[in-house]
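Here are my notes for you on this structure. Have it open beside you and look up each spot as we come to it.

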Amino acid sequence: MTRRLEEAIMGGELAPGARISEQALAVSLGVSRGPLREAIRRLEGRRLVERKQNVGVRVAELSPGALSDLMVVREALEGMACRLAAERMSDADLEELSKLLLDHADQEDLRDGKAYVQQSYDNDFHFRIINASGNAKLIDSLVNDLYDLLRLYRRRSSKASGRAKKAWQEHKAILDALRTRDGNKAETAMRAHIANARQSLEQGYS
C-alpha cells in the first residue's frame with residue numbers, strides 16, 4: 001500500500017499540495033482505510049505528505065522560495081558528496097554506475113525527451129554517488145532527511161521541455177569527472193547539474 005501511494009505521488013497522480021481524502025482514496029484503490037492510514041503515516045515520516053490542523057493530509061508542496069533554498073542546500077551537499085566519491089569509488093563501482101546510465105538511456109520516455117525517471121535507491125544515479133561518498137553525516141542528511149522530497153521535485157524538473165536528455169548528458173559528464181579521480185572536477189560537474197535543475201524548476205514556477 002505504501003508503495004502504491006508513493007507511486008501515485010511520484011507519478012503526479014497525486015500532485016504536490018493535493019488533499020488526500022482517506023475515504024475517496026480507499027475506494028479508488030480498493031483497499032480498507034486501515035492499511036491506507038498506515039501508508040500515509042509512513043509517507044508522512046518521509047516528508048512526502050504532511051498533516052496540518054484544520055486542513056488534513058496533503059501531498060507535500062514547497063513554495064518557490066522554499067524549493068529554491070532546498071536546491072541550494074542540495075547543490076552544496078551533493079557537490080561535496082561527489083567530491084568524496086571521486087576519491088573513494090572503486091573501478092567496479094564506476095563500471096556499475098556506467099551500466100546504470102546505459103540502462104537509463106534505454107527508457108522510452110527519456111529517448112522521446114518526455115521525462116527522465118529514476119527508480120529509488122540503487123537504481124538512482126544520485127543515490128549511488130551519495131552512498132559512495134562514505135560520509136555518514138552527508139548520507140544521513142541527503143538520504144534519510146531529504147531524499148524522497150528531493151526525488152519528487154527532481155522528477156518534476158525532468159519533465160520540463162528539453163530537460164530530460166540534458167539531465168542524462170549532465171549525469172554522463174559527472175561520471176566522466178568521477179573517472180578522473182579529480183574531486184574538484186567531480187564537485188563542479190555535480191553542482192552545475194543541480195544548478196541547472198534548480199533553474200528548470202524555477203522557470204516552471206514563473
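1. Let's start with the words for empty space. On a 1 Å grid over the protein atoms alone, a pocket is an open set of points with protein on both sides within 12 Å along at least five of seven lines, while a cavity is a set of points where a 1.4 Å probe fits but cannot get out; lining residues have an atom within 4 Å of a point. Points are joined across faces, edges and corners, and a volume is the space filled by probe spheres set on the points.

2. Some ground rules for this model. The model is predicted, and local features need pLDDT of at least 70, side-chain atom pairs count only at pLDDT 80 or more, and totals for chains, interfaces and linings use all residues. Residues are numbered from 1 along each chain as its sequence is written, and side-chain values use heavy atoms, with hydrogens and water left out.

3. Now the largest pocket. Its volume is about 190 Å³, and its lining is made of Arg3, Glu6, Glu7, Met10, Gln119, Ser120, Arg151 and Arg155. Helix 1 (2-10) and helix 9 each supply at least two of these residues, with helix numbers coming from DSSP runs counted from the N terminus (H or I, at least four residues, for helices; E, at least two, for strands). Helix 1 gives the most, with 4 residues. The lining has 1 nonpolar, 2 polar and 5 charged residues; here Ala, Val, Leu, Ile, Met, Phe, Trp, Tyr, Cys and Pro count as nonpolar, Asp, Glu, Lys and Arg as charged, and the others, Gly among them, as polar.

4. How many cavities of 30 Å³ or more does the structure hold? There are 2. The largest holds about 180 Å³ of space, and of the 16 residues that line it, Tyr116, Gln118, Arg154, Arg155 and Ser158 are the closest to its centre. At least two lining residues come from each of helix 9 (147-158), helix 10 (163-179) and helix 11 (183-205). Helix 9 has the largest share, 5 residues. Sorted by class, this lining has 5 nonpolar, 6 polar and 5 charged residues.

5. On to the second largest cavity, with about 40 Å³ of space. Glu78, His126, Ile130, Leu142, Tyr147, Leu150 and Arg154 line this one. Two or more of those residues come from helix 7 (125-132), and likewise from helix 9. Helix 9 gives the most here, with 3 residues. The class count is 4 nonpolar, 1 polar and 2 charged. Look for Arg154 in your viewer: this residue lines the second largest cavity and is among those closest to the centre of the largest one.

6. Which residues touch the most other members of the largest nonpolar core? Of its 57 residues, they are Leu5, Ile9, Leu97, Ile129, Ile174 and Leu178. Helix 10 gives the most to this core, with 7 residues. A nonpolar core means buried Ala, Val, Leu, Ile, Met, Phe, Trp, Tyr and Cys residues joined through side-chain atoms within 4.5 Å; buried is under 20% relative accessible area, exposed is over 50%, and partly exposed is in between (1.4 Å probe, protein chains only). Try picking Leu178: leaving out residues up to four places away in sequence, its contacts (heavy atoms within 4.5 Å) are Cys82, Ala85, Ala86, Met89, Leu94, Leu97, Ile129 and Ala186.

7. Next, the strands. Strand 1 (residues 49-52) and strand 2 (residues 56-59) run antiparallel and are joined by 4 bridges; two strands pair if DSSP finds at least two bridges between them. Val49 stands opposite Val59 in strand 2. The hairpin has 3 residues between the strands.

8. A backbone detail to check. Most residues other than glycine have a negative phi. Asn54, in the loop between strand 1 and strand 2, has a positive phi of about 65° although it is not a glycine. Is Asn54 buried or exposed? Asn54 counts as exposed because its relative accessible area is 80%. Arg181 also has a positive phi of about 65° without being a glycine, and sits in the loop between helix 10 and helix 11. Arg181 is partly exposed, at 32% relative accessibility.

9. Last, two helix residues. Gln169 is in helix 10 and is partly exposed because its relative accessibility is 48%. Gln169 and Ala105 are 64 residues apart in sequence and 9.9 Å apart in space, C-alpha to C-alpha. Arg156 lies in helix 9 and is partly exposed, at 36% relative accessibility.
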